[in-house]
Amino acid sequence: MHAAHASTVLRFAGKERAATELDDIDQLVHRYGARLLRFVAFSIGDQDLAQSIVQDCFMKAYNARENFRGDCSVQTWLNRIALNMILDHQRTQKFRFWRAFRKTAVDITEIASILPSEASTPEKDLLRQERAAQVAKALESLSFNQRTIFLMHFQEGMTIPEISSAIDMAVNTVKTHLHRAVKAVRQKIGEMK
Amino acid sequence: MTGQHLTDEQFTDLLSGDYTGDASRHMLACAQCQGEFERVQASIEDFVNLSLEWAGPRASTSISAPSAFVRGWHSASSWATAAAVLAAAILFGVHHGRLLTPDAISIAGSQSAESASEVADDNRLLMAIDKEIRWQAESPISIDDLTASAGRPHVQPSRRLRN
C-alpha cells in the first residue's frame, strides 16, 4: 500500500505533493472507521446501509484525496462526503425499502453487554444504557437536518460555524435546528424521570 | 429565560460549553435547571460514548480492506492502458503498411528475430507500455461526481439539504 509519511513526496496526476494520511487507505479506515460509521448509522438509523455507505465513502475519499486542501479536519471532510452519500441514498427506492423494513435498525442497547466498564456497576451500566437509548430515541423523532446537526455538534464535536460551512447553511438556521433537536432530547429525558 | 427557567436556546448554549451570561448564573442559583442540565448533559455524553463503543467492533469487522479494491482498480486500469497502447501500436503498424496482409505478418515475424531495428522498435514499445503502467499506478482514479471536497464547502451539500 502507499506509505503515508509527512516527508514523502508523491507524484499525483503529474504534480508533486506531500503525502498525507489520506494516501494510506487502510490507516484511514482504521483511524476514522468507527466514528464515521457511528455518524452515518445514527443519521440514517440503519446499520447495514451505514456500513455500505461508509465503505463507499472511504473509496471516494481516497480517490478524491488530491482535492483535500487541509482547510478542515479529515474527519469533517469524511463526514461531508458521507453526508452527500446519505442524501443520494435517500432519494433512491432502495433507501425507502430499507427504511420501511428497518431489519437492521441501530440498537444502542446492545452495547452494554459488549464493553462493561471496570469502574461501573450493573446498575450504572443500565442507567448509562437507558440514558443513551433515550437520546437515540429522541433523535429518531427529529427531522434529518435536526438530527444530522445534533450529531455533528455533540457527537463529532463540530462548532456551529464549522457545521454551517460544511453543509452550507446559515449559522442562524443551524442554531435553530440544534435548538429544536436539544428541545426534543430534553423532553424525552424529562419523560424518563 | 422563559418565566424563571432556561430557554431552549440558553440550554443549548450551556450544553455547547458557553457558560457566559445570565443563563450560567441562573443555573447556579436554580436547582431545578441545574438538575435538568446535568441529566441532559450526562445523557448526551452517554449516548456519544456508547455509540462509539457500538460502532468500534462493527467498523473493524464490516468495512473490508479497501486497499484490495484500490489495488484491483489500479491493476485493471493499468491493463486497460497497456491494451490501449498495444492497439495504438498495431494501428500504427497497419498505417505504415507493415501488417496489412497475412504475408506481411509472416514476413515481419520471420525477419524480426534477426533485425536489430525490429528489436529496438519492440524495446521502445515495451518501454512505452511500462512507462504508461507506472504512471497509471501513481495516478488517482478520476471521480467526477464527488461534490464534497475541501476548499469547496459551498458546493452541493447545502443545496441538497435545503431541498
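Me: When does a residue count as buried in this predicted model?
Reply: A residue is buried if 20 or more other C-beta atoms lie within 10 Å of its own. This model is predicted.

Me: What makes A:Leu78 buried?
Reply: A:Leu78 has 27 other C-beta atoms within 10 Å. The cut-off is 20 or more, so A:Leu78 is buried.

Me: Where does A:Leu78 sit?
Reply: In helix α3 of chain A, which covers residues 74–90.

Me: Which residues does A:Leu78 touch, leaving out those up to four places away in sequence?
Reply: A:Tyr32, A:Leu36, A:Cys57 and A:Ala61. A:Tyr32 is 46 residues from A:Leu78 in sequence, and their C-alpha atoms are 8.5 Å apart.

Me: Why is that pair called a contact, with the C-alpha atoms 8.5 Å apart?
Reply: The contact test uses C-beta atoms, placed from the backbone, with a limit of 7 Å. A:Leu78 touches A:Tyr32, so their C-beta atoms lie within 7 Å. The 8.5 Å value is C-alpha to C-alpha.

Me: What is the make-up of chain A?
Reply: Eight helices and two strands. The order from the N terminus is β-β-α-α-α-α-α-α-α-α. Of its 193 residues, 44% count as buried. Among contacts in chain A between residues at least 6 apart in sequence, 63% join residues at least 24 apart.

Me: How confident is the predictor in chain A?
Reply: The mean pLDDT is 80, and 75% of the residues reach 70 or more. Among the elements of chain A, helix α6 (residues 144–155) has the highest mean, 94, and strand β1 (residues 9–12) the lowest, 50. Residues 1–7 of chain A have pLDDT below 50, yet this stretch has 15 contacts in the model beyond near neighbours in sequence. Where pLDDT is low, the predicted coordinates should not be read in detail.

Me: What does chain B consist of?
Reply: Seven helices and zero strands. The elements run α-α-α-α-α-α-α from the N terminus. Of 163 residues, 15% count as buried. Residues 24 or more positions apart make up 48% of the chain B contacts with a separation of 6 or more.

Me: How do you know that the span of helix α3 of chain B agrees with expectation?
Reply: Helix α3 of chain B has 32 residues, 31–62. At 1.5 Å a residue, the expected span is 46 Å. The end C-alpha atoms are 46 Å apart, so the two agree.

Me: Which residues of that helix are buried?
Reply: Among them are B:Val40, B:Ser43, B:Ile44 and B:Phe47. B:Leu50, B:Ser51 and B:Trp54 are buried too. An α-helix has 3.6 residues a turn, so residues three or four places apart point the same way.

How values were computed: Residues numbered from 1 in each chain as written. Chains lettered and ligands numbered in written order. Predicted model: local features only at pLDDT ≥ 70, side-chain atom pairs only at ≥ 80, totals over all residues. Helix = DSSP H or I, 4+ residues; strand = E, 2+ residues; numbered from the N terminus. Buried ≥ 20, exposed ≤ 12 C-beta atoms within 10 Å, placed from the backbone. Contact = placed C-beta atoms within 7 Å. Expected span 1.5 Å × (residues − 1). pLDDT = per-residue confidence, 0-100.
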